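This report looks at a ligand site, the cavity around it and one loop residue.

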Amino acid sequence: MITIKVDMDKCQHYGQCVYEAPNIFKLNENDKLEYLASADETERENVKSASDICPMQAIQVFE
Ligand code: SF4
C-alpha cells in the first residue's frame with residue numbers, strides 16, 4: 001500500500017496529476033482536485049510520476 005497526501009493549500013487544480021495517475025486523481029465538477037488517500041502497489045509509479053510533474057510540489061507519497 002502507498003499513502004498519498006496533497007497539500008491543498010499549494011494545489012492550484014491544474015490537473016497535471018490527473019493525466020499521470022487517472023485512477024487516483026480527478027477534477028470534480030467544480031474543477032477542484034479530488035484524490036484517493038491510499039492505493040495499492042500497482043499505482044506506485046503513476047503516483048510518483050504525478051508527484052514529480054506537479055508544478056506546485058503539492059503531492060507527497062508515503063511508502
Ligand atoms: S498537479 Fe499538483 S497542483 Fe496540479 S492538480 Fe495535481 S496536485 Fe494540484
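Ala, Val, Leu, Ile, Met, Phe, Trp, Tyr, Cys and Pro count here as nonpolar, Asp, Glu, Lys and Arg as charged, and the others, Gly among them, as polar. This is a predicted model, in which local features need pLDDT of at least 70 and side-chain atom pairs pLDDT 80 or more, while totals for chains, interfaces and linings use all residues. Residues are numbered from 1 along each chain as its sequence is written, and side-chain values use heavy atoms, without hydrogens and water.

A cavity is a set of points, on a 1 Å grid over the protein atoms alone, where a 1.4 Å probe fits but cannot get out; its lining residues have an atom within 4 Å of a point. The structure holds 1 cavity of 30 Å³ or more, and the volume of the largest cavity is about 110 Å³. Its lining has 14 residues, of which Cys11, Tyr14, Gly15, Cys17 and Cys54 are the closest to its centre. The ligand sits in this largest cavity (more than half of its atoms lie within 2 Å of the grid points). Around the ligand are 13 residues, and Cys11, Gln12, Gly15, Cys17 and Cys54 come nearest.

| Residue set | Nonpolar | Polar | Charged |
|---|---|---|---|
| Shell around the ligand | 9 residues | 4 residues | no residues |
| Lining of the largest cavity | 10 residues | 4 residues | no residues |

Pro55 lies in the loop between α2 (44–53) and β5 (59–62). Leaving out residues up to four places away in sequence, Pro55 touches Tyr14 and Gln16 (heavy atoms within 4.5 Å). Pro55 and Gln16 are 39 residues apart along the chain, with their C-alpha atoms separated by 8.3 Å.

How values were computed: Near = heavy atom within 4 Å. 1 Å grid on protein atoms, 1.4 Å probe; cavity = no way out; pocket = protein on both sides within 12 Å on 5 of 7 lines; lining within 4 Å. Points joined across faces, edges and corners; volume = space filled by probe spheres on them. Helix = DSSP H or I, 4+ residues; strand = E, 2+ residues; numbered from the N terminus.
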